[in-house]
Amino acid sequence: ADGEGAGGCVRACAVVSMQFALHYMFETEARARRFLSLVSSHLKPGGAFIATTVDARVVVELLASRAS
């Protein structure tokens, strides 16, 4: 439908969720600003943005420990 976003949300979602892809949105400042603007434009007032990402330090430490 016109104006319908991902998951069928029509500009008034109580929750927007992104799992393990957040880092892709921060390749440049412009991209990050655009992403956050889109998230906020699709949330109801008082809505929540929930994101999960990895801790790069932990990943590097895990890979280093497996290499030794």
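**Exercise 1. Work out the fold pattern of the chain and how its contacts are spread.**

Solution, step by step.

- Begin with the elements: this predicted model has 2 helices and 2 strands in the chain.
- Next, put them in order. Along the sequence they follow the pattern β-α-β-α.
- Then turn to burial: 15% of the 68 residues count as buried.
- For the surface, the accessible area of the chain is about 5200 Å², and carbon and sulfur atoms hold 60% of that.
- Finish with the contacts. Taking those with a separation of 6 or more, 68% are between residues 24 or more positions apart.

**Exercise 2. Compare the span of each helix with the expected value, and look at how helix 2 begins.**

Solution, step by step.

- Helix 1 has 14 residues, and the path from its first C-alpha to its last covers 20 Å, close to the expected 20 Å at 1.5 Å a residue.
- Helix 2, residues 56-67, has 12 residues and reaches 17 Å, close to the 16 Å expected.
- Now check the start of helix 2: there, a side-chain oxygen of Asp55 comes within 3.0 Å of the backbone nitrogen of Arg57.

**Exercise 3. Decide which face of helix 1 is buried, and find what it packs against.**

Solution, step by step.

- List the buried residues of helix 1: they are Ala32, Phe35 and Val39.
- Look down the helix axis. These buried residues fall within an arc of 65 degrees, so they line one face of helix 1.
- Turn to the other side of helix 1, where Glu29, Ala30, Arg33 and Arg34 are exposed.
- Now find the partners of the buried face: the buried residues of helix 1 pack against strand 1 and strand 2 (43-52).
- Zoom in on Phe35 as an example. Setting aside residues up to four places away in sequence, Phe35 touches Met18, Leu22, Met25 and Phe49.

**Exercise 4. Assemble the largest nonpolar core and say which elements supply it.**

Solution, step by step.

- Collect the members: the largest nonpolar core has 8 residues, namely Cys13, Val16, Met18, Leu22, Met25, Phe35, Val39 and Leu43.
- Assign them to elements. Strand 1 (13-19) and helix 1 each supply at least two residues of this core.
- Ask which element contributes the most: strand 1 does, with 3 residues.

**Exercise 5. Follow the pairing of Val16 and Val39, both members of that core.**

Solution, step by step.

- Place the two residues: Val16 lies in strand 1, while Val39 belongs to helix 1 (residues 29-42).
- Check burial against the cut-off of under 20% relative accessible area. Val16 counts as buried because its relative accessibility is 18%. Val39 is also buried, because its relative accessible area is 9%.
- Take the separation: Val39 and Val16 are 23 residues apart along the chain, and their C-alpha atoms are separated by 6.9 Å.
- List the neighbors of Val39, leaving out residues up to four places away in sequence: Val39 touches Val16 and Phe49.
- Do the same for Val16, which touches Val39, His42, Leu43, Ala48, Phe49 and Ile50, again not counting residues up to four places away.
- One of these neighbors deserves a second look. Val16 and Leu43 are 27 residues apart in sequence, with their C-alpha atoms 6.9 Å apart in space.

**Exercise 6. Classify Leu36 and Arg31 of helix 1 as buried, partly exposed or exposed, and find how each relates to residues before the helix.**

Solution, step by step.

- Recall the range: partly exposed lies between the buried limit of under 20% and the exposed limit of over 50%.
- Leu36 has its place in helix 1. Leu36 is partly exposed, because its relative accessible area is 42%.
- Measure off its separation from Met25 in the model: Leu36 and Met25 are 11 residues apart in sequence and 8.8 Å apart, C-alpha to C-alpha.
- Arg31 also lies in helix 1, and at 37% relative accessibility Arg31 counts as partly exposed.
- Find the contacts of Arg31: not counting residues up to four places away in sequence, Arg31 touches Tyr24 and Met25.
- Look at the polar atoms too. A polar atom of the Arg31 side chain lies 3.4 Å from the backbone oxygen of Tyr24.

**Exercise 7. Locate the residue with an unusual backbone angle and explain what stands out.**

Solution, step by step.

- Start from the general rule: most residues other than glycine have a negative phi.
- Now inspect Phe20, which is not a glycine yet has a positive phi of about 60 degrees.
- Finally, place Phe20 in the chain: Phe20 sits in the loop between strand 1 and helix 1.

Note on methods:
Residues numbered from 1 in each chain as written. Predicted model: local features only at pLDDT ≥ 70, side-chain atom pairs only at ≥ 80, totals over all residues. Heavy atoms only, no water. Helix = DSSP H or I, 4+ residues; strand = E, 2+ residues; numbered from the N terminus. Buried < 20%, exposed > 50% of the residue type's maximum accessible area, 1.4 Å probe, protein only. Contact = heavy atoms within 4.5 Å. Areas by Shrake-Rupley, 256 points an atom, 1.4 Å probe, with all protein chains shown as cover. Expected span 1.5 Å × (residues − 1). Polar contact = N/O pair within 3.5 Å; in protein donor to acceptor, adjacent residues only side chain to side chain. Core = buried A, V, L, I, M, F, W, Y, C linked by side-chain atoms within 4.5 Å. Arc of directions from axis to C-beta.
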